[in-house]
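Please read the following report alongside the sequence and the coordinates. It is arranged by topic, with short headings.

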Amino acid sequence: MVTSPSMVEYDNVDIAFQFKDGRKVVADTEVAYLLPSDSTEVERLRLNHNLWKLMLGGLFKSPLAESLEKGITVLDVGCGPGFWTRDMALLYPKSQFIGIDMANVFITADLPSNVQFHIVNAAKGLPFENASFDFVFQRFLVMGFPTETYKHSVQEIKRVLKPQGKIEILELVNHYTDPSPAFSKISSWIDQALSARDMDSYIGDKISSFLQEAGFHGIKDINYSVPIGWGGQVGDLYLAIQRLALPAVGVMVSQLASVTNEEYKRTSKEALTVTDQFHSSTRFRLICATK
Ligand SMILES: C[S@@+](CC[C@H](N)C(=O)[O-])C[C@H]1O[C@@H](n2cnc3c(N)ncnc32)[C@H](O)[C@@H]1O
């Protein structure tokens, strides 16, 4: 059995939260993330985790199943509640898993002993020694890391990976294919909000180049397109996720984009009711590579 990497001492700031429109959000200038950190958001992330198990036909794409069976060390950056971390830990009991997130939304039920969660502001670096992990996973930080922080995160992941260690990043691209007018507007408001925080709607399309610049090799970049409310089980599930995602994103958009709360709510309602007429999809990218 491998042992879990220990954390180095780090400045673990107590991140402040506040309530906006009944949702719990960060109230700390050190954190760019503006989506809520509350139980409704945990439910969205649970459904999203189920969606991606369906999309990938499993939990990851890197060629690691055999090593995970034998026992390796794995880090999940910005793990949220940690559904991925927990499922991986249950599936691979000889491996050790650490999930880090700036918000304490970690699940506590059915946690096996080979998983640990820690509150960490990953924008400040990863509090682990060089070469601590065999595999680092990072999923959906497009609305959390400004561009420079994203690049730095990739470099930090490389630092904490062992030689030949694997990185895997799954990211949403804020771009709808065949959008309804309502989804077009929502996408442009999200873009405005992200730009206001130096974040990039299209960062998913640039991750391969960040990995290349950081010196990773064997980079694989896979495109996914997820239908919203059409095309069967995946589309239905993604529509259910959108019903929770649009209000969550609304908290960020109403602070940082030029749209009123009322207009955003009206447009969201429209977006969710016409999905069978427009056959819109969202783009995602999964990038894996080796140190
Ligand atoms: C969209 S959620 C995705 C969570 C998880 N990766 C998943 O796929 O379910 C983004 C997560 O990133 C976390 N996050 C945002 N900024 C962060 C930061 N600076 N340091 C650590 N976690 C951060 C948020 O708290 C949130 O849990």
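The sections below take up the annotated domain, the aromatic contacts, the enclosed and open spaces, and two individual positions.

## Model and annotated domain

The model described here is predicted, and the values in this report are computed from it. The UniProt record, an unreviewed entry, places the feature "domain: Methyltransferase" at residues 74-165. Over residues 74-165 the chain is 25% helix and 29% strand, and the C-alpha atoms at the two ends of this stretch are 10 Å apart.

## Aromatic contacts

The count of aromatic pairs comes to 16. One of these is formed by W84 and F135, whose arrangement is edge-to-face, with 6.1 Å from centre to centre and 65° between the planes. This pair links distant parts of the chain, since W84 belongs to helix 3 (residues 83-91) and F135 to strand 6 (residues 133-139), the two being 51 residues apart. W84 is buried, and F135 is buried as well. Another aromatic pair joins Y176 and F183, which are tilted with respect to each other, at 4.7 Å centre to centre and with 35° between the planes; both Y176 and F183 are buried.

Ring pairs also connect W52, F140, Y224, Y238 and F284 into a cluster. A contact of another kind involves F17, where K24 lies over the face of the ring at 5.0 Å from its centre.

## The cavity

How many cavities of 30 Å³ or more does a search of the whole structure find? The search returns 1 cavity at or above that volume, and the volume of the largest cavity is about 40 Å³. The lining of the largest cavity is made up of K151, V154, Q155, F210, E213 and A214, with helix 4 (147-160) and helix 6 (207-214) each supplying at least two residues. By class, the residues that line the largest cavity divide into 3 nonpolar, 1 polar and 2 charged.

## The second largest pocket

The second largest pocket has a volume of about 190 Å³. Its lining consists of D21, R23, L246, P247, G250, V251, N261, Y264, K265, S268 and L272. Helix 7 (233-256) and helix 8 (261-273) each contribute at least two residues to the lining of the second largest pocket, and the largest share, 5 residues, comes from helix 8. In terms of residue class, the lining of the second largest pocket holds 5 nonpolar, 3 polar and 3 charged residues.

## Two individual positions

Is N130 buried or exposed? N130 is found in the loop between strand 5 (115-119) and strand 6, and N130 counts as exposed because its relative accessibility is 52%, where the cut-off for that class is over 50%. The C-alpha atom of N130 is separated by 40 Å from that of S254, which is 124 residues away along the chain.

I167, in turn, has its place in strand 7 (residues 161-177), and I167 counts as buried because its relative accessibility is 0%, where buried means under 20%. Between I167 and Y238, which are 71 residues apart in sequence, the distance from C-alpha to C-alpha is 26 Å. Y238 has already appeared above, as one of the residues that ring pairs link into a cluster.

Key
Residues are numbered from 1 along each chain as its sequence is written. This is a predicted model: local features need pLDDT of at least 70, side-chain atom pairs count only at pLDDT 80 or more; totals for chains, interfaces and linings use all residues. Side-chain values use heavy atoms; hydrogens and water are left out. Rings of Phe, Tyr and Trp (its six-membered ring) pair if their centres lie within 6.5 Å; planes under 30 degrees apart count as stacked, over 60 as edge-to-face and the rest as tilted. Helices (H or I, at least four residues) and strands (E, at least two) are DSSP runs, numbered from the N terminus. Buried means under 20% relative accessible area, exposed over 50%, partly exposed in between (1.4 Å probe, protein chains only). A charge sits over a ring if NZ of Lys or CZ of Arg is within 6 Å of the ring centre and within 35 degrees of the ring normal. On a 1 Å grid over the protein atoms alone, a cavity is a set of points where a 1.4 Å probe fits but cannot get out, and a pocket is an open set with protein on both sides within 12 Å along at least five of seven lines; lining residues have an atom within 4 Å of a point. Grid points are joined across faces, edges and corners, and a volume is the space filled by probe spheres set on the points. Ala, Val, Leu, Ile, Met, Phe, Trp, Tyr, Cys and Pro count as nonpolar, Asp, Glu, Lys and Arg as charged, and the others, Gly among them, as polar. UniProt positions are given in the numbering used here, feature names are shortened, and annotations may be inferred rather than shown by experiment.
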